[in-house]
Structure formats: structure tokens, C-alpha cells
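Hi everyone, thanks for making time. I'd like to walk you through one structure today, so please have it open in your viewer.

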Amino acid sequence: MSSDTLAKAAAPVLPEPADTLRIVPQRRYGQWTAAVAVLVLLGLAVNSVLRNQAFQWDVVADYFTTDSVLRGLWLTLWLTTVVMVLGFALGALLAAARLSGNPVLRGVSWGYVWLFRSIPILVQLLLWFNIGALYPRILGVKTVDLLGPVTVAIIGLTLHEAAYAAEVVRGGILSVDRGQIEAAQALGLSRWRRWWRIVLPQAMRSIVPPAGNMLIGTLKGTSIVSVIAVSDLLFSVQLIYHRTYQVIPLLMVATIWYTVVTSVLGVGQYYVERHYARGSERTR
């Protein structure tokens, strides 16, 4: 064999020029099939809802902005705001007690969270609603006169939410790197300034997402107060359909209002999260 033949055999095989290569896109038949199937099912569901006469959309439109429904919506929003403010205020105190060096405070805080997370909210509301059977008088006043349905709803929901808020706040504080606090101490910052300028802004990144979910959950959870005759949104539509027997359209009124409000809260949560995520790797 000649030297030229050996040289050709040993020479590496070079790839063909890029302009002669054929690029074949990856086939994704499964994804496209699944997407088409989902769209078809979604279209059928929407068509069924819109064309089903049992929904009585004309009745929904008639009652959507009536005074009684709007009053119930306002009470729902007011109750949600009060419960969240009081719940997180109490939850912050419980979180501080849980993180303190005092074993008594830690034990009491842990016991509170354990107890109120163990009892269903409906049971708590019913217990508070019937508290007069245990304590007929409080400070010389009849319990029935002192604790009305709205007051019972505030107490029951606040104590329930505080147990979860305590864990949310505690988790947010623990998420802050200990070195940040030590660096602030080395700079001579006061305890208040350390918490306000160092700990809280970083803890909010972990607190805001679950707090937003709690807010939306509390808004929907207020519907349970209808069992103790609090005139919230659900109770208001129940009063109407007990009179007119138009159950489905009135429930759709409540459903649409809950969906609208929770959607607005979801948008607000997105912007609050983006505000506190500034400077982090992920801001979306």
C-alpha cells in the first residue's frame, strides 16, 4: 500500500459543511395531541355551562348587584380584613415568643399553635357561639348580649388564623441568614433597627407568598360563618334562594363574586412579591 493511500486512510473524516446538513425538528406528537384534547374538553365544558338553561344566567345578572348581595360582599371583605390584621398581629407575637429564650413563652406558643391547628374551624366557631353554656356571664354582662354572631366570627377566625400566621412569620424570620444579623450587630445597629432594616425586608420574601395564600383562603373561609347566621356573601344569597328557590343561579352569583375578589387579591400578591424580590435571582 502506498504512502498516499495510508495518509488518506488515517486522515480524519471532516463533517459536511453546515449549509448541506438537513436540520429536522423534533416531533412532539404527544404534546400536541394532549393540547388538542385539553382544548376540546375545555371548549365542551364552557359550551355546556353557557348553553345549560339550568344556570339561568338572566337571573344571575338580575341579582349580581342587588343591595343584599353587595352588603354581604362588603361584610365578607370587612371580616377578612379584620381577621387578617388581628390574626397576623397575634401571630407575630406568638412567633416572637416561640423564638425567644424563655422556655415558658416557647411552650405556651407551641401549645397554642398545636391546639388551634388541631381543632377544625367549624368546631371552633360553634364552641364560641355556644360559649354562654359555659360562661353565662362575663364581667357581669350576659354572654348572649356580649358576643353576637359577628363578634363570635371575628374571635373564632382570628384565633384560628393566628396559629397559622405564627408559623408563617416564624418561618420567614428563620429564613434570614444568621450572618446578616451578626453583621448588623457588629456595625452597632440597635435591636429595633436590626429587625426593621435587616431582618424584616429579607423575611418578607418568605412571608408574603404564604401570607397571600392565607388571605385568599381567609376570604373564602369566611363563608363558613353563615352557619352562625352572619350575613356574609354566602348567607345573603342563601336568604334569597330560600325565598325564590333559585338555588343554582344564586350560588353562581356568590361564586362569581368570590372569583373576582380572589383574582384581584392574586394580582396584588404578585406585585407585592415582586417588590420584595428585588435584588434576588428570581423576580418573577
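I'll go from the overall layout to the core, then to one buried acid, the charged pairs and a surface patch.

First, a caution: this is a predicted model. The protein chain has twelve helices and two strands. Reading from the N terminus, the order is α-α-α-α-α-α-β-β-α-α-α-α-α-α, with the two strands sitting between helices. Of its 284 residues, 31% count as buried. If you take contacts with a separation of 6 or more, 76% of them come from residues 24 or more positions apart. The accessible surface is about 18,700 Å², and carbon and sulfur atoms make up 65% of that.

Now to the inside. The largest nonpolar core has 19 residues, and those touching the most other members are Tyr63, Val69, Leu233, Val237, Leu250, Val253 and Trp257. At least two core residues come from each of α3 (57–63), α4 (67–99), α11 (233–244) and α12 (247–276). The biggest contributor is α12, with seven residues. If you want one residue to centre your view on, try Val237: leaving out residues up to four places away in sequence, Val237 touches Val69, Leu250, Val253 and Ala254.

Next, a residue I'd like you to look at closely, Asp232, in the loop between α10 (191–221) and α11. What is the nearest side chain of opposite charge to Asp232? It is Arg71, 12 Å away, and Asp232 is buried with no salt bridge. Setting aside neighbours within four places in sequence, the contacts of Asp232 include Thr76, Thr222, Ser223, Ser226 and Tyr258.

So where do charges pair up? The count comes to two salt bridges. In one of them, Glu167 meets Arg98, with the closest N and O atoms 3.2 Å apart. That pair links distant parts of the chain, since Glu167 is in helix α8 (residues 149–174) and Arg98 is in helix α4, 69 residues apart. In the other, Glu167 pairs with Arg170 at 3.0 Å, N to O. Those two residues both lie in α8, three residues apart, or about one turn of the helix. Through shared partners, Arg98, Glu167 and Arg170 form one network. Glu167 itself counts as partly exposed because its relative accessibility is 22%.

Last stop, the surface. Leu134, Tyr135, Ile138, Leu139, Val141 and Leu146 make up a nonpolar patch, with about 630 Å² of accessible area together. One of them, Tyr135, lies in the loop between α6 (121–129) and β1 (137–138).

That's my tour; thanks for listening!

Terms used
Residues numbered from 1 in each chain as written. Predicted model: local features only at pLDDT ≥ 70, side-chain atom pairs only at ≥ 80, totals over all residues. Heavy atoms only, no water. Core = buried A, V, L, I, M, F, W, Y, C linked by side-chain atoms within 4.5 Å. Buried < 20%, exposed > 50% of the residue type's maximum accessible area, 1.4 Å probe, protein only. Helix = DSSP H or I, 4+ residues; strand = E, 2+ residues; numbered from the N terminus. Contact = heavy atoms within 4.5 Å. Lys, Arg positive; Asp, Glu negative; His and termini not counted. Salt bridge = Lys/Arg side-chain N within 4 Å of Asp/Glu carboxyl O. Patch = residues over 30% accessible without salt bridge, like charges linked within 9 Å, V, L, I, M, F, W, Y side chains within 5 Å. Areas by Shrake-Rupley, 256 points an atom, 1.4 Å probe, with all protein chains shown as cover.
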